Each structure stands twice: as C-alpha cells, then as structure tokens.
Amino acid sequence: GKRLTILQRQKLNVARAIIRRGDYYTLNQPLPGLNPNLQAQLVKNVISFLRSHSNGCTIIWVLSNPRLS
C-alpha cells in the first residue's frame, strides 16, 4: 500500500468498503481527487452495485461536489 498514490488508495478504500457485505455503508468524501465526470460515474456505479447486491442497505455518502447529489 505504500507505493500507491493517494488517489489509488482512495479508490482501493471504496472498493474494500463495497465488497464487505453490510446493512449500511458510510462513505465520507472518498473521491475528492477525481475529476467531476469520473466522480459522477463512480457514484452511479457504486450505488447501483450496492442496490443490486444488498438487501435494502442504507448508503450515506458525503459528497464534496453538490452536482452529484
């Protein structure tokens, strides 16, 4: 993990969070270093994945970009 960039670590942490099955997920500004288009795509993909692979989980996602809400 020490050879990863900060952005790579952030992406890895999001991936680790979503592969753990849970009743709720809290993601506190996990993507601030990404461009807005990539942030939007990742938010969409992660929420879609969690909705399709979890039974009614709760997602709390704190976003730094208000356009993604």
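In what order do the elements of the chain run from the N terminus on? In this predicted model, the elements follow one another as α-β-α-β, and the chain accordingly holds two helices and two strands.

The overall dimensions of the chain were examined next. For a chain of 69 residues, a compact globule would be expected to have a radius of gyration near 11 Å, and the value of 12 Å computed for the chain agrees with this expectation. Along the principal axes, the C-alpha atoms fill a box of roughly 35 × 30 × 15 Å. Of the 69 residues, 23% are buried, and the area exposed by the chain comes to about 5300 Å², of which carbon and sulfur atoms supply 52%. When contacts between residues at least 6 apart in sequence are considered, 58% of them join residues at least 24 apart.

The interior is described through the largest nonpolar core, which has 12 residues, namely Val-14, Ile-18, Tyr-25, Leu-27, Leu-31, Leu-34, Val-43, Val-46, Leu-50, Cys-57, Trp-61 and Leu-68. Two or more residues of this core are given by each of helix H1 (6–19), strand S1 (24–28) and helix H2 (36–53), with H2 giving the most, at three residues. One of the core residues, Ile-18, is in contact with Tyr-25, Val-46, Phe-49 and Leu-50 once its neighbours within four places in sequence are left aside.

Two further positions, one in a helix and one in a strand, were considered individually. Gln-39, placed in helix H2, is classed as buried because its relative accessible area of 6% lies under the 20% cut-off. Beyond its neighbours within four places in sequence, Gln-39 is in contact with Leu-31, Pro-32, Leu-34, Asn-65 and Leu-68; among these partners, Leu-31, Leu-34 and Leu-68 belong to the largest nonpolar core.

Ile-59, by contrast, lies in strand S2, which spans residues 58–62, and is classed as partly exposed, since its relative accessible area of 25% falls between the limits of 20% and 50%. Residues up to four places away in sequence not being counted, Ile-59 touches Tyr-25, Ile-47 and Leu-50, and of these Tyr-25 and Leu-50 are members of the largest nonpolar core. Tyr-25 and Leu-50 are also among the contacts of Ile-18. With respect to the N-terminal part of the chain, the C-alpha atoms of Ile-59 and Arg-3, which are 56 residues apart along the chain, are separated by 30 Å.

How values were computed:
Residues numbered from 1 in each chain as written. Predicted model: local features only at pLDDT ≥ 70, side-chain atom pairs only at ≥ 80, totals over all residues. Heavy atoms only, no water. Core = buried A, V, L, I, M, F, W, Y, C linked by side-chain atoms within 4.5 Å. Buried < 20%, exposed > 50% of the residue type's maximum accessible area, 1.4 Å probe, protein only. Helix = DSSP H or I, 4+ residues; strand = E, 2+ residues; numbered from the N terminus. Contact = heavy atoms within 4.5 Å. Rg over C-alpha atoms; globule rule 2.2 N^0.38 Å. Areas by Shrake-Rupley, 256 points an atom, 1.4 Å probe, with all protein chains shown as cover.
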